[in-house]
Number of protein chains: 2
Amino acid sequence: MKTITVLLADDHMVVRSGLKALLGTQPGIEVVAEAASGEEALALAGQHGPAVVMMDLAMGAGMDGIEAIKQLRQRNSGQAILVFTTYDSDADIVRAVDAGAMGYLLKDASPEEIFAAVRGAVQGQSVMSAPVASRLFQQLRNPDAILTPREAELLSLLTEGLSNRELGQRLFISEATVKTHLAHIYAKLGVETRSAAIATAIRREGMR
Amino acid sequence: MKTITVLLADDHMVVRSGLKALLGTQPGIEVVAEAASGEEALALAGQHGPAVVMMDLAMGAGMDGIEAIKQLRQRNSGQAILVFTTYDSDADIVRAVDAGAMGYLLKDASPEEIFAAVRGAVQGQSVMSAPVASRLFQQLRNPDAILTPREAELLSLLTEGLSNRELGQRLFISEATVKTHLAHIYAKLGVETRSAAIATAIRREGMR
DNA sequence: CGCCGCCTCAGCCATTTGGCTGATACTGCT
DNA sequence: AGCAGTATCAGCCAAATGGCTGAGGCGGCG
């Protein structure tokens, strides 16, 4: 069996070395590079051409994980991308999958889960942690509550406290469009105000 | 020099093994036990009597890190406790120090910082990551940023997504008074909108 | 006592937000 | 070709929010 090459992208040094130590115990899996930011991940992916990229979504300064995933996919260099992050936010899950992630693992996943996800990813399988799967499953049961990728993106920015104007500037759309998206989000979340949407997003979506 | 014994408490397996691998490279430091929860940390600390306990604050289910620190200190068994966590929330810092933590490190700390913190802790020194120190320093410089009890109460309800009218009803005060309190809160938090205040409250004050 | 911080309230005005209706365009699927 | 879903934008109007000034009552503290 061919050795699976892995690139780790996480701004926490201890997480990288932990993951590296863990994956190192498995024959057939080798960590070939480590990145501490989205930019670095893109550069190192180009150099090493790993089979799998394990990516944190929240990476301190600069490019975030979602953006890095998008750009990796645009290159079409065939890596399987696994999200490896702390929280199981509905919005993040939707955005990550939309960006092209193959799997979604939480950082409290067991070693077995992690190995299975890496091996599965190179074979084109999607593996996700149980809580993540549960969230998705729950969403499938009432489709009206599913936010579109764009809506999820907006909701995520909403929790940063931005105004409609700022949201528009950040997403390169007009304020009118922002308001349209917000109205849809409110309807889907079952709230009437921006504040309640933020509160709901944070408490229900795990954006802690 | 005597070997420094360390207990790791963190619900993320990869963080524990990363920290263990990292500390293992240092002669004179040895990880003697690992706990995945507050309860486990208490039990293992009793068994092994480590010189230093490195503790995450947010540990999935059960007892959280703050509570575990308090109980460890009550026993008076002389361990130095280092907080090792992801976020630098003002509230968490204050609570951790109050509970008896000797130092406060963020997970993106460099290996050198971590080694220095462990060695310093056994000698009774307090070591904290730069962003943490910066926050504390900032608070000491302008005490005006401290919310009054009433303001804190309002801010807490604000994060539930209530409107001014609802806030007034809930607190038995007029909408005008609500607005006054809000204006003061915005000034102290350095924001201009309700949404930003909610975001700040949640992210900075640890009301997750 | 007098000062100061906190909590309370009012009115005015500009800005922001939310509700509504309707419209164009692109995509994927049938 | 036609439909459904998504994303984009516009205009209008009512309601909520935020900024500003001013003010009374109350409790602690020098």
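In this predicted model, helices α8(A) and α9(A) are roughly perpendicular to each other, because their axes cross at roughly 105°, and an angle of 65 to 115 degrees counts as roughly perpendicular. The axes of α8(A), residues 164-171, and of α9(A) come within 8 Å. On the α8(A) side the contact is made by Asn164(A), Arg165(A), Leu167(A) and Gly168(A), which meet Glu175(A), Val178(A), Lys179(A) and Leu182(A) of α9(A). By character, the residues of this contact divide into 3 nonpolar, 2 polar and 3 charged.

Helix α9(A) also takes part in the surface near DNA strand D, to which it gives the most, with 4 residues. At least two residues each are supplied to that surface by α9 (175-189) of chain A and by α8 (164-171) and α9 (175-189) of chain B. In total, 16 residues surround DNA strand D, and the closest are Thr148(A), Ser174(A), His181(A), Lys179(B) and Arg194(B). The surface is made up of 3 nonpolar, 8 polar and 5 charged residues.

Three polar contacts with the strand can be set side by side.

| Protein atom | Atom of DNA strand D | Distance |
|---|---|---|
| Thr180(A), polar side-chain atom | base nitrogen | 2.9 Å |
| Lys179(B), side-chain N or O atom | base oxygen | 2.8 Å |
| Glu192(B), polar backbone atom | sugar or linking oxygen | 3.4 Å |

Thr180(A) and Lys179(B) thus each place a polar side-chain atom by a base atom of DNA strand D, whereas Glu192(B) approaches a sugar or linking oxygen through its backbone. Of the atoms of DNA strand D within 4 Å of the protein, 69% belong to sugar or phosphate, and the rest belong to bases.

How values were computed: Residues are numbered from 1 along each chain as its sequence is written. Chains are lettered from A and ligands numbered from 1 in the order in which they are written. This is a predicted model: local features need pLDDT of at least 70, side-chain atom pairs count only at pLDDT 80 or more; totals for chains, interfaces and linings use all residues. Side-chain values use heavy atoms; hydrogens and water are left out. A residue is near a molecule or strand if one of its heavy atoms lies within 4 Å of it. A polar contact is a pair of N or O atoms within 3.5 Å; within protein, one must be able to donate a hydrogen and the other to accept it, and residues adjacent in sequence count only if both atoms are side-chain atoms. Ala, Val, Leu, Ile, Met, Phe, Trp, Tyr, Cys and Pro count as nonpolar, Asp, Glu, Lys and Arg as charged, and the others, Gly among them, as polar. Axes are lines fitted to C-alpha atoms, for helices over the stretch in contact, and angles run from 0 to 180 degrees between N-to-C directions. Angles under 35 degrees count as roughly parallel, over 145 as roughly antiparallel, 65 to 115 as roughly perpendicular and the rest as oblique. Contact means heavy atoms within 4.5 Å.
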